[in-house]
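I opened the notebook to follow aromatic rings, charges placed over rings, and one helix. The entries below are kept in the order in which I looked things up.

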Amino acid sequence: MPLQQLRESDGPIEAQLPSHMQRIKFEKLQLSALCSNQYVVGTILVKFTPHESGTGEKIFKMVLEESTAQQSVSNLATINTFIFGKLVIDCEHALKQGDTVVLTKFQVSTSPSASKDGRHALQLELSEETGTTVYAYAKSVKESAASSIVHSPIIQRPKIGMQDYTYVPLNQIKDGVTVNVYGVVKFFKPPYRSKGTDFCSTVTIVDASNGRLNCVLFNGNSDLLPKIYKVGDVVRFHRIKIQEFNKELQAVNAAGFSALTFDGTPGASLKPRTSSKSYQFTTTDQLTVEELRRWANVNLSIHKPTVKLSEVKPAEYFDLTCQLIAKAVVDHSSVLLKVWDGTKCPHTLWQIPVDMNTLEGDPADIHRLCKLSADVLVYDNHVGAANSLKVGTYVTIHNIHTKFATLNTEKPSRSLDTAPGMEFHLHGGTSYGRGITVLPEDCSDVQQLRQSLESALLADQDSLGDLTLLEILNTSSRSSAPERATATHVERCHQESATVLTAHQHIKSTSIQEVMDQTPPQKYRIRAKMVNYQPQALHQSVKLYCPKCHSLQEIPCDDHIDNLLQDAYSPDSMAVAPDSQSPDALWYQTATWEAEGQRHRRITVHFVKSDEAQRIPERSTILVEGVTLNELYRLSKRFGSIIPITSRTKCLTLNELSIPFLIQDRKWHYGCRHCSHPQPMDALQSLSQTGPWESSVIAKILGIQLLRYVFVMRFTLDDGSGSLDALLWDEAERFFGISATDVVVDDALQEKLTRIMDTLCPPRTSKDDCPWLECCIKSYYVNEGSEQKTHYQIFDTVVAGAEDF
């Protein structure tokens, strides 16, 4: 029941309310759509006579005073409270001045009269739409007001269904009344900060009566304003006040204002967008929304298709629905948003130079989608909204301006090295609806956008796959914006040098002799030729690196692994198949057979049970024991994940860690023998149901310190003044544009690595015929016994045009 009674004799208030409810003091109140798990306690200080709005809906106002032992004198101690609709009928006679009341499921909004009446800056709003319950608290002392509640029954109105709201056609609204209306959005501005403390949203709505109404809505919490995503949305406003402004009627939100917004597309979901947790929406309302959708679709030119990146033209303004893939602060008054919508702009685009360290987003996504993304520069009052966006969010950016770049273009300043192209700007101000709207996952526009994004990834899979790891890792460069290598700069350096600096182009080049004459540690930019490199057998350049103990290990050779596997199934150490009824067997199925031609060798395969991977070998995980290296190779071509194990003590465990602990996607994963603490296989039982079967997850569960594949090479560089040996290892993947993990299993990448090295250091060629290399190197000391020796290492350098090899 919306009005109930609590008695002092039944115990304290908190004991009579649901256990999940918590009291909140007036001074702790904040703007919110609905306080569903909190309650307030107050004494009715002033009670006003109920009045009717322009729609005939009753409104009952009272002033509550905080019921505390130590009464505060501040304006936070009293708060305006409004009761709406049929709840007024229950409360107007039952509640009297001096009564103590407990209120639950109330809304909190800004009080427009706080500056005049000196009360709380917020106000409480109650209605059955939000599920409000008002508790009258009766004390044992028979005070006049309280005793009437104790001895008189609460007035209970018969349940005769939900209240019928009256909606006024837009051509019939009049000045000075509070009304309820339906309309179609003809124009809107996303919520923006007003000159005061509130947020403001401007909406123009129309309806079939040929009426038109401009609404200016304010609230201290932007989430409580109407959730309008695009022109053509249908809105329902309850309790808007009509007033004249500049000789035109204008609507503002009155006390108790509430809004529902619907997608304006005919046939779309009728689920409203609203901040209210409870609202009334009848069959009549459904028919009204559908009728407005049909009317707008036939009579208004507002359902125009969304402009795609592939359709944009210079010197035009448009709205773009897209996904955010990265963002970065450019300066105090501008923010960069990298976005895509699944289509490719036909024009060359301006790449905004920013400090790569400030770019927030997945480097893999940034560069995987670089051919399909656009940089949007957001200015001034939109910076706050842009900064609050999360990467991956779907948004509509309203009133983007496109133009071709010029050398004297607006901020940020342009370098002469920056390639010209089309620019995307969201200028300051709110003219023409300028702003950013965040779209939820269930929005019809987002659903269409996601289909477009998925189609784009499938269609461009080959071209996207051509993007090298070099491009991905370049976003992690330590370069600052002025040092950033632009597309034009890369192209020019490619003509002059076989390598390109990713930073420090401003540093003057130093001769090798000068480098060797100076004391470490130092950083230099040099120009030299590669006259030799080690190892010459390039497959030996890939090592295994432990990020914990920083050790480098050779990749075990096939013969060594095969010998270890043979030792595991030798008669002296024959594993015993686990009991099929053991608890561990609940998460796998076991199959055992004798190896062909070898009676004394059993092959055992434990198939991990998983609903998702059931009967799909490519997605299955198996534990294998008693296999040879060749059998391991064959199994790896068939099954998604393979874990070589042994079960000498009826407990499935890993082999010696020189054997890979996991083979997945043709990649052999090893663990560090010094830093790993292997666990029994039953630790994986929980993963069989939850997943994911990723190498890092499996390694963590099994207590394995995962080793990384890395390149380690030594280049001999000579510039005529002298020569030195420079190590290339921690930035080698960036240097070559090749993943060390992938090159181990990919013959094409191995050939690419060979072509790169043959270009940088042509075989059987004199030094004069070798190409020049631009390199950044750093010097440092290494203790070798009792001596300190100077070593050099290459950094912030990449092979020019590595993707073309």
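I began with the aromatic cluster formed by Phe711, Phe715, Phe735 and Phe736, where rings of Phe, Tyr and Trp (its six-membered ring) pair if their centres lie within 6.5 Å, with planes under 30 degrees apart counted as stacked, over 60 as edge-to-face and the rest as tilted. I note that the model is predicted, that local features need pLDDT of at least 70 and side-chain atom pairs pLDDT 80 or more, while totals for chains, interfaces and linings use all residues. Residues are numbered from 1 along each chain as its sequence is written, and side-chain values use heavy atoms, with hydrogens and water left out.

I then took the count of aromatic pairs, which comes to 12. Among them I looked up Tyr167 and Tyr182, whose ring centres are 4.9 Å apart with planes at 50°, so I entered the pair as tilted. Tyr167 belongs to the loop between helix H4 (144–151) and strand E10 (178–193), and Tyr182 to strand E10 itself, so the pair ties together parts 15 residues apart in sequence; helices (H or I, at least four residues) and strands (E, at least two) are DSSP runs, numbered from the N terminus. For accessibility I used relative accessible area (buried under 20%, exposed over 50%, partly exposed in between; 1.4 Å probe, protein chains only). Tyr167 is partly exposed at 24%, whereas Tyr182 is buried at 6%.

Next I looked up Tyr545 and Trp729, an edge-to-face pair with 5.3 Å from centre to centre and 70° between the planes. Tyr545 lies in strand E23 (residues 542–545) and Trp729 in the loop between strand E34 (723–728) and helix H17 (732–736), so this pair ties together parts 184 residues apart in sequence. Tyr545 is buried at 9%, and Trp729 is partly exposed at 22%.

For charges over rings (NZ of Lys or CZ of Arg within 6 Å of the ring centre and within 35 degrees of the ring normal), I entered Lys61 over the face of Phe48, 4.9 Å from the ring centre, and the charged end of Lys778 over the ring of Phe795, 5.5 Å from its centre.

Last, I checked helix H19 (residues 747–760): at 1.5 Å a residue (times one less than the number of residues), its 14 residues should span 20 Å, and the end C-alpha atoms are 20 Å apart, which agrees. Its buried residues include Leu749, Lys752 and Ile756. Seen down the axis of H19, the buried residues fall within an arc of 130° (taken from the directions from the helix axis to the C-beta atoms), so they line one face of the helix.
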